[in-house]
Amino acid sequence: MTHDKWEYPELKCEALGIYNNWQFDKRTTSASALFIEDKASGQQLIQDFRKVGLPVRPIEVTKDKLTRVEEVLD
């Protein structure tokens, strides 16, 4: 998980980088999917990643950020 603000091209690059690091780092468990909030730039990321066949799981945003982070960490 990471937290920062990027313009869309950098956001896409960062998300791919994080996914690739988890997929190919033999010291860790591989990522099963990219979990992306289904809001704002996240909607475009979801569409772009699905086009190229990456496993994506949209997260519906219904609560405040702190609650959402805590749910993902469980």
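I looked up the contacts of V56 (heavy atoms within 4.5 Å) and, leaving aside neighbours within four places in sequence, I found A33, L34, I36, I46, F49 and R50. I note that this is a predicted model, in which local features need pLDDT of at least 70 and side-chain atom pairs count only at pLDDT 80 or more, while totals for chains, interfaces and linings use all residues. Residues are numbered from 1 along each chain as its sequence is written, and side-chain values use heavy atoms, with hydrogens and water left out.

I then looked up the largest nonpolar core (buried Ala, Val, Leu, Ile, Met, Phe, Trp, Tyr and Cys residues joined through side-chain atoms within 4.5 Å; buried means under 20% relative accessible area with a 1.4 Å probe, protein chains only). V56 belongs to this core of 10 residues, together with L11, A15, Y19, L34, I36, L45, I46, F49 and L54. Two or more residues each come from α1 (8-24), β1 (34-37) and α2, where helices (H or I, at least four residues) and strands (E, at least two) are DSSP runs, numbered from the N terminus.

Which residues of helix α2 are buried? In this helix, residues 41-51, I list G42, L45, I46, D48 and F49. Just after α2, I noted a positive phi of about 85° at G53.

For the whole protein, I recorded three helices and two strands, which follow the pattern α-β-α-β-α along the sequence. Buried residues make up 20% of the 74 residues. Among contacts between residues at least 6 apart in sequence, 30% join residues at least 24 apart.

Notes. Buried < 20%, exposed > 50% of the residue type's maximum accessible area, 1.4 Å probe, protein only.
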